[in-house]
Amino acid sequence: MTFNYENLAIGVDVEEIERFSKYDNDKDSAFLKKIFTNEELSDCFKTKFGAKRLAARYCAKEAVYKALCNFGLRVLNFKEIEIYHNSIGLPQVRLLNEHHSKFRIHISISNSRKTAFAQAIICKIEEKKPSIVRKEDSDGSLRYLIL
């Protein structure tokens, strides 16, 4: 089996958590509403670590954006990239646009006391093109199968 590296992209981002500390008690900020979905904001503000959560999600969005740029895709609205956690707490990405089924996205998010970090690995899903198979029956007639 061969692997096509042209279908793989990596993006990373690092942010200072301090940059988001001014929004710790301002979930109605115009800046935050421009970047994050309502679900993301609800999740970020349900604990006292809002700035860390905001910074981490922002990093994840940036990392996904950078990786998507490798495929020539420019996401103009960061709200089209939604970061959430699955039932066991692993960070996940949901594209909220027409490209959602074209990519498989994996992210990792981490932080220290001062910085947040995220890495995204994206694999472009190749479209399956129909194959036409020519088959000759026992009586000599031809059949064409589209797979």
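1. In which loop does Phe-45 lie? Phe-45 lies in the loop between α3 and α4, and the model in which this placement is read is a predicted one. With a relative accessible area of 17%, Phe-45 counts as buried, because the cut-off for that class is under 20%. Setting aside residues up to four places away in sequence, Phe-45 touches Tyr-23, Asp-24, Asn-25, Asp-26, Lys-27, Leu-32 and Leu-54. Lys-22 is 23 residues from Phe-45 in sequence, and the two C-alpha atoms are 13 Å apart in space.

2. On confidence, the chain averages a pLDDT of 88, and 93% of the residues score at least 70. Among the elements of the chain, strand β1 (residues 8-16) has the highest mean pLDDT, 97, whereas strand β7 (residues 142-146) has the lowest, 69. Where pLDDT is low, the predicted coordinates should not be read in detail.

3. The largest nonpolar core holds 36 residues, of which Leu-54 and Val-64 touch the most other members. Two or more residues of this core come from each of α2 (30-35), α3 (38-44), α4, β2 (81-85), β3 (91-95), β4 and β5 (115-124), and the largest share, 11 residues, is given by α4. Leu-54, already met as a contact of Phe-45, is thus one of the two core residues with the most contacts to other members. As for Val-64, its contacts, not counting residues up to four places away in sequence, are Ile-81, Val-93, Leu-95, Ile-105, Ile-107, Ala-120 and Ile-122.

4. The largest pocket encloses about 220 Å³ of space, and its lining consists of Asp-43, Phe-49, Lys-52, Arg-53, Ala-56, Arg-57, His-85, Ile-109, Ser-110 and Asn-111. The elements that give two or more residues to this lining are α4 (50-69) and β4 (103-111), with α4 providing the largest share, four residues. By class, the lining divides into four charged, three polar and three nonpolar residues. Helix α4 therefore gives the largest share both of this lining and of the nonpolar core.

5. Is Ser-110, one of the residues lining the pocket, buried, partly exposed or exposed? Ser-110 lies in strand β4 and counts as partly exposed, because its relative accessibility is 41%. Apart from residues up to four places away in sequence, Ser-110 touches Thr-115, Ala-116 and Phe-117. Glu-80, by contrast, is 30 residues from Ser-110 in sequence, and the C-alpha to C-alpha distance between them is 22 Å.

Conventions: Residues numbered from 1 in each chain as written. Predicted model: local features only at pLDDT ≥ 70, side-chain atom pairs only at ≥ 80, totals over all residues. Heavy atoms only, no water. 1 Å grid on protein atoms, 1.4 Å probe; cavity = no way out; pocket = protein on both sides within 12 Å on 5 of 7 lines; lining within 4 Å. Points joined across faces, edges and corners; volume = space filled by probe spheres on them. Nonpolar A, V, L, I, M, F, W, Y, C, P; charged D, E, K, R; others polar. Core = buried A, V, L, I, M, F, W, Y, C linked by side-chain atoms within 4.5 Å. Buried < 20%, exposed > 50% of the residue type's maximum accessible area, 1.4 Å probe, protein only. Contact = heavy atoms within 4.5 Å. pLDDT = per-residue confidence, 0-100.
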